[in-house]
Amino acid sequence: MVVAVDVHQVFQYPFEQVVASFLRKYPNPMDKNVIAVKIVEEKKDESTGIIYRKRIAICENVVPEILRKVSVFLVILCWKKVSILKVPSIQLEEESWLNLQERNMAIRSRCLTWTQYASMKEESVFRESMENPNWTEFIQRGRISITGAGFLNCILETFASAFLKQGAQKGIRIMEMLLKEQCGAPLAK
């Protein structure tokens, strides 16, 4: 089964300010799950002006202890040597393409941990709002699919879906806070 999580938000701030806040959003004391974010590649296409970035985020393993213990039990039953859920941290890869000329940024993220058992991918875009050119629209679609955990697949997908929804809302609150600190009150229509 594939679980989808969709997010849509309009920030009442200009595109450039929203993107700048997004790029400095983590690590942040408001979300202690994100331990570090490292830029591993950055380049600008001189012909188009598009800035490409690849970042790796190191996050705390947020899988509840009860699910980790159940996974250890399943590992023992299946005669496997390692527990798939008992890892201290999770790595996420984010690629972004920033087009300042067209005022949009496309983002593609995926989980690098547990790839043999789970697929977690997000596609997002920041773009100038059609409602107001001084506002920025954010659209995100996430997909989660878990295999190889038997009857736990559905439980883990439900947990992951709830966690992603909460994480998206927390990320939006952090963005709003950063924007307010940086720019003051939202722009009026």
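How many cavities of 30 Å³ or more does a search of the whole structure find? The answer is one, and we'll get to its walls once the fold is in view. Keep in mind as you look around that this is a predicted model.

Let's begin with the overall layout. The protein chain has 189 residues, and 41% of them count as buried. Its secondary structure comes to three helices and seven strands, and if you walk from the N terminus you meet them in the order β-α-β-β-α-β-β-β-β-α. Take the contacts between residues at least 6 apart in sequence: 62% of these join residues at least 24 apart. As for the outside, the chain exposes about 10800 Å², with carbon and sulfur atoms supplying 58% of that area.

Now for the strands. Pick up S2 (residues 34-44) and follow the chain into S3 (residues 51-60): the two run antiparallel and are joined by nine bridges. If you'd like a landmark for the register, Lys 38 has Ile 56 in S3 as its bridge partner. S2 and S3 make a hairpin with six residues between them, and in that turn Gly 49 has a positive phi of about 80°.

S3 also pairs with S4 (residues 89-99), again in the antiparallel sense, over ten bridges. Here you can check Glu 60, whose bridge partner in S4 is Ser 89. From S4 the pairing carries on to S5, with eight bridges between these antiparallel strands; Glu 93 and its bridge partner in S5, Arg 110, mark the spot. S4 and S5 form a hairpin too, with four residues between the strands, and Arg 103 in this hairpin takes a positive phi near 55°.

What about the inside? In soluble globular proteins, nonpolar side chains tend to be buried together. In this model, the largest nonpolar core has 17 residues, and Phe 11, Val 18, Met 105 and Phe 126 are the ones with the most contacts inside it. The elements that give two or more residues to this core are strand S1 (2-11), helix H1 (15-23), strand S5 (104-111) and helix H3 (152-183). Another core lies apart from it, this one of ten residues, including Val 5, Met 120, Ile 144 and Leu 164.

Two of those names come up again at the cavity. Rolling a probe the size of a water molecule over the atoms shows where empty space is left. The largest cavity holds about 40 Å³ of space, and its lining is made of Val 5, Val 7, Glu 122, Gln 140, Arg 141, Gly 142, Leu 164 and Ala 168. S1, strand S7 (136-146) and H3 are the elements that give two or more residues to this lining. S7 gives the most, with three residues.

One last stop is Cys 154, which is found in helix H3. Is Cys 154 buried, partly exposed or exposed? Its relative accessible area is 43%, so it counts as partly exposed, since that class takes in values between the 20% limit for buried and the 50% limit for exposed. Cys 154 also brings us back to the start of the chain: Val 2 is 152 residues away in sequence, yet the two C-alpha atoms are 9.6 Å apart in space.

Conventions
Residues numbered from 1 in each chain as written. Predicted model: local features only at pLDDT ≥ 70, side-chain atom pairs only at ≥ 80, totals over all residues. Heavy atoms only, no water. Buried < 20%, exposed > 50% of the residue type's maximum accessible area, 1.4 Å probe, protein only. Contact = heavy atoms within 4.5 Å. Areas by Shrake-Rupley, 256 points an atom, 1.4 Å probe, with all protein chains shown as cover. Pairing = 2+ DSSP bridges. Core = buried A, V, L, I, M, F, W, Y, C linked by side-chain atoms within 4.5 Å. 1 Å grid on protein atoms, 1.4 Å probe; cavity = no way out; pocket = protein on both sides within 12 Å on 5 of 7 lines; lining within 4 Å. Points joined across faces, edges and corners; volume = space filled by probe spheres on them.
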